[in-house]
Amino acid sequence: MVGIKICGVRDISTVQLCMELKVDWIGLVFYAPSPRYISIKELQDIADLYADKSLKRPKLVGLFVKANDQEIAQVLNIIDLDILQIYDSAERAQDIQSQFNRCVWHSRGVAYASDLPTDMACNGFVIEAKTLSSDSLPGGIGRSFDWSITQGWVAPGFWMLAGGLTPDNVAIAIQESSASAVDVSSGVEERIGYKSHDLIKKFVKNARKPLAEERNPR
């Protein structure tokens with residue numbers, strides 16, 4: 001089954017929906033300029049819910065943009081993140097992995113096949129469109145790239161497809177890219193920074209459709 005990450009979550013009701021839908025990862029954004037930035041109060045509410053270790057729940061992914069060690073440590077003191085998603089150099093991502101002894105995913109912007117990573121610097125990659133000089137954010141910009149460039153890519157390890165995914169295009173994106181996991185944020189929002197439960201449900205259903213159809217051909 002295709003892995004699914006819902007990113008930019010900020011409220012308990014959306015966390016609970018993700019649990020019900022059995023998504024694999026929930027992304028929390030720790031980058032203040034982002035409209036999806038999670039406040040300390042919102043973060044504490046999720047930490048309190050996750051304190052119940054008996055719950056079967058998605059893994060928590062913390063998204064950090066050029067963050068220093070102190071900023072990451074402050075978050076980890078509040079909530080026990082499973083994975084750190086890093087927007088920074090490959091060297092810095094490796095340093096964070098070593099420093100915090102956590103699973104680290106390195107976000108990589110691509111436009112051509114030559115942009116795809118060939119070395120496994122961390123535990124995984126989030127592959128999305130390259131940012132432009134006019135972009136105000138490093139991710140969550142709702143722009144896709146040519147998914148076919150990953151078809152012949154011999155990935156050095158785990159990776160997920162991100163950028164510009166929506167409930168309407170996720171099935172074809174999976175087929176064209178051969179991605180085994182997908183990451184969505186703005187594509188399931190009713191307005192910037194606010195998740196739509198209906199769109200999340202539709203996204204999850206459609207992301208799982210390609211493999212379901214392959215297992216049950218007509």
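The crossing of helices α3 and α4 is right-handed, a term that applies when the near helix is turned clockwise from the far one by less than a right angle, anticlockwise being left-handed. Helices (H or I, at least four residues) and strands (E, at least two) are DSSP runs numbered from the N terminus. The model is predicted, with local features requiring pLDDT of at least 70 and side-chain atom pairs counting only at pLDDT 80 or more, while totals for chains, interfaces and linings use all residues. Residues are numbered from 1 along each chain as its sequence is written, and side-chain values use heavy atoms, with hydrogens and water left out.

The axes of α3 (residues 69-76) and α4 (residues 90-100) come within 12 Å and cross at roughly 45°. These axes are lines fitted to C-alpha atoms, for helices over the stretch in contact, and the angles run from 0 to 180 degrees between N-to-C directions. The two helices are therefore oblique to each other; angles under 35 degrees count as roughly parallel, over 145 as roughly antiparallel, 65 to 115 as roughly perpendicular and the rest as oblique. On the α3 side, the contact is made by Asp69, Ile72, Ala73 and Leu76, and on the α4 side by Arg92, Ile96, Gln99 and Phe100, contact meaning heavy atoms within 4.5 Å. By class, five of these residues are nonpolar, one is polar and two are charged. In this scheme Ala, Val, Leu, Ile, Met, Phe, Trp, Tyr, Cys and Pro count as nonpolar, Asp, Glu, Lys and Arg as charged, and the others, Gly among them, as polar.

Side chains of opposite charge can pair when their charged atoms come close. A salt bridge is a side-chain nitrogen of Lys or Arg within 4 Å of a carboxyl oxygen of Asp or Glu, and by this rule the count comes to eleven salt bridges. Three of the pairs are tabulated here.

| Salt bridge | N to O distance |
|---|---|
| Asp95 and Arg92 | 2.6 Å |
| Lys202 and Asp168 | 3.1 Å |
| Glu190 and Arg191 | 3.6 Å |

Asp95 and Arg92 are three residues apart in α4, and so are separated by about one helical turn. Arg92 is buried at 17% relative accessible area, whereas Asp95 is partly exposed at 36%; buried means under 20%, exposed over 50% and partly exposed in between (1.4 Å probe, protein chains only).

The pair of Lys202 and Asp168 links distant parts of the chain, 34 residues apart: Lys202 is in helix α6 (residues 197-215), and Asp168 is in the loop between β7 (159-162) and α5 (170-177). Lys202 is partly exposed, at 38% relative accessibility, and Asp168 is exposed, at 65%.

In the third pair, Glu190 is exposed with a relative accessible area of 55%, and Arg191 is partly exposed with 48%. Arg36, Glu189 and Lys195 are joined into one network by salt bridges that share partners.

Most residues other than glycine have a negative phi, and most peptide bonds are trans. Lys66, in the loop between β3 (59-65) and α3, has a positive phi near 45° and is exposed at 63% relative accessible area. Asn101, in the loop between α4 and β5 (103-110), has a positive phi of about 50° and is exposed at 70% relative accessibility.

Helix α1 (residues 12-21) has Thr14, Val15, Leu17, Cys18, Met19 and Leu21 as its buried residues. This helix is followed by Lys22, whose phi is positive, near 60°.
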